[in-house]
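Visitor: Could you pick one small part of this model and take a really close look at it with me? After that, I'd like to hear how the rest of the chain fits around it.

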Amino acid sequence: MNVDYLIVGQGISGTWLSYYLQKEGKSFVVIDNNKPNASSRLAAGIINPVTGRRHVEVWLADEILPFAWNAYNQLGNELGIQAISQKNVIDFFPSPQMKLSFLKRIEEKGNYVYDYPDQSHFTSFFNYDFGCGEVRPVYTAHLETIVPAWREKLKSSSALIEEQFEIDNLVINNNTIHYKGITAEKIIFCDGYGCGENPYFRLLPFAPNKGELLIAEIPDLPNNYIYKKGMILAPLATPGQWWVGSNYHWEFDNDQPTTEFREKTEQLLRDWLKIHFTITSHQCGIRPATLERRPFVGFHPLHPTIGILNGMGTKGSSLAPFFAVHLINHLLKNEPLHPEADVKRFSRILSRNIS
Ligand SMILES: Cc1cc2nc3c(=O)[nH]c(=O)nc-3n(C[C@H](O)[C@H](O)[C@H](O)COP(=O)(O)OP(=O)(O)OC[C@H]3O[C@@H](n4cnc5c(N)ncnc54)[C@H](O)[C@@H]3O)c2cc1C
């Protein structure tokens, strides 16, 4: 089989890359092993314009938010699914200090943070002593619907091979790559956490991060907001179902859920919620995070036939579509990549002998 591109991985990065390549009329095949706890299968998909205790704007917020809104709506229309919703965050302050910090941010004219006028609006549902504020706009990309729907689309055009990609079978030439019976101009790795074992890119400063979540049934909770108080409670596409999480562990020796997280989170929900809830599942995944919290996008300095779209960390929902377009514009129109994302910033590391 001859194609323009071979893509490894169909999480949200491989989904967007293949979507935009198709728009450009390029041929490709995607190899994905359908790992049940791949990050994109578990993520809440929240696209939040602010981060941290001080609610500072996330990197490129003003560009990335409108871009993501348009991109997901377009993809959703083409697939006949709802791919994105606006669900603003109601931030319940866990302490007087956090309340002061939020109000200070509003005073400083920080973008995206607002007073919530009716402070007692949520008292039938939640216990909260220090009030709440609102972050808006916040979007939820419905990765749990998008990734399988795109997979079906790829299958129907015979563009998906569902198996493990084995790097030992990859042959790199000057202008082409070969893998089993496939010849392509380039191979692009969108393999998330799996990339740590890839000899071409494993020297990149990945900093994988383990995260857990619970799925809860909370039929009586209004699903027009995401709620936050230490943990996040985000409505899923199925009415009454909620995503609850998460934790962040840089050091771990397995990708399994822990009793500690489950007990702590259930206790937190019991203290916070005034209404009935039932936990229906507990899952765990590894975020493909990086030490300097920027993605890895571009081509290997020594092997221009090998590319990467990875390192999306905690923000794959917004970074993946944005940087998929950048990568394709770089590839097809020779446009420069964003310097903080371009993998060439690690040229010295990537030029080391990898044998
Ligand atoms: C608990 C949790 C909560 C999160 N919440 C959010 C959130 O609210 N908002 C947000 O933006 N992000 C969130 N994230 C992060 C987000 O999930 C990631 O940034 C994003 O999903 C990464 O997508 P990816 O496609 O790059 O990688 P992945 O999702 O890991 O996809 C890689 C794909 O490649 C496949 N693969 C890997 N190796 C091979 C191989 N050798 N052969 C074949 N296939 C292979 C895998 O099976 C997988 O399908 C969260 C992550 C976790 C774990």
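## A close look at β18

Guide: Let's start with a pair of residues: Ala-216 stands opposite Trp-242, which belongs to β18. Keep in mind that this is a predicted model. Strand β18 covers residues 241-245, and four of its five residues are buried, so call it mostly covered.

Now look to either side of the strand. Strand β15 (residues 209-217) runs antiparallel to β18, and five bridges join the two. Strand β17 (residues 231-235) is also antiparallel to β18, this time with four bridges. One of the pairings between β17 and β18 puts Ile-232 against Gly-245. β17 and β18 make up a hairpin with five residues between them, and in that turn Gly-240 takes a positive phi of about 90 degrees.

Go one strand further and you reach β16 (residues 226-229), which pairs with β17 over three bridges in the antiparallel sense. There, Tyr-227 has Leu-233 of β17 as its bridge partner.

Zoom out and these strands turn out to be part of an open sheet of eight, in the order β8-β9-β7-β16-β17-β18-β15-β19, with mixed pairing. The edge positions go to β8 (113-115) and β19; each has a single partner strand, so one side of each is left without a neighbour in the sheet. From one strand to the next, the twist averages 25 degrees. Over at the β8 part of the sheet, helix α4 (residues 96-107) lies across β7 (89-92), β8 and β9, and its direction makes an angle of about 105 degrees with β8.

Back to β18 for its exit, which you'll want to check if you care about backbone geometry. The peptide bond from Gly-245 to Ser-246 is cis, with omega near 10 degrees. Ser-246 itself sits in the loop that leads from β18 to α6 (259-272). Another cis bond runs from Arg-136 to Pro-137, with omega near -5 degrees, and Pro-137 is in the loop between β9 (132-135) and β10 (139-141). As background, most peptide bonds are trans, and most residues other than glycine have a negative phi.

On the phi side, two non-glycine residues deserve a flag. Arg-293 has a positive phi of about 55 degrees; its place is the loop between β19 (278-287) and β20 (296-299), and at 63% relative accessible area it is exposed. Asn-334 has a positive phi of about 60 degrees. Asn-334 lies in the loop between α7 and α8 and is exposed too, with a relative accessible area of 64%.

That α7-α8 loop also holds Glu-340, which is partly exposed at 36% relative accessible area. Setting aside neighbours within four places in sequence, Glu-340 is in contact with Trp-59, Arg-294, Pro-295 and Arg-345. Pro-295 is 45 residues away from Glu-340 along the chain, yet their C-alpha atoms are separated by 8.0 Å.

Follow α7 (residues 316-333) and you come to its crossing with α3 (residues 61-79), where the two axes come within 9 Å at roughly 85 degrees. That makes α3 roughly perpendicular to α7. On the α3 side, the residues involved are Glu-63, Ile-64, Phe-67, Ala-71 and Tyr-72; they meet Ser-317, Ser-318, Leu-319, Pro-321, Phe-322 and Val-325 of α7. Sorted by class, this contact has eight nonpolar residues, two polar ones and one charged one.

Helix α3 also contains Leu-75, which counts as buried at 1% relative accessibility. Beyond its neighbours within four places in sequence, Leu-75 is in contact with Trp-16, Tyr-19, Ile-146 and Trp-150. Ile-146 is 71 residues from Leu-75 in sequence, with 8.5 Å between the C-alpha atoms.

Finally, the big picture. The chain is divided into domain 1 (2-42 + 144-204 + 291-350) and domain 2 (51-141 + 207-287). Their C-alpha centres lie 28 Å apart, and 33 residues of domain 1 are in contact with 31 residues of domain 2. As for the strand we began with, β18 (residues 241-245) falls within the 207-287 segment of domain 2.

Notes
Residues numbered from 1 in each chain as written. Predicted model: local features only at pLDDT ≥ 70, side-chain atom pairs only at ≥ 80, totals over all residues. Heavy atoms only, no water. Axes fitted to C-alpha atoms, helices over the stretch in contact; angles between N-to-C directions. Parallel < 35°, antiparallel > 145°, perpendicular 65-115°, else oblique. Contact = heavy atoms within 4.5 Å. Nonpolar A, V, L, I, M, F, W, Y, C, P; charged D, E, K, R; others polar. Buried < 20%, exposed > 50% of the residue type's maximum accessible area, 1.4 Å probe, protein only. Pairing = 2+ DSSP bridges. Domains from an automatic or database assignment.
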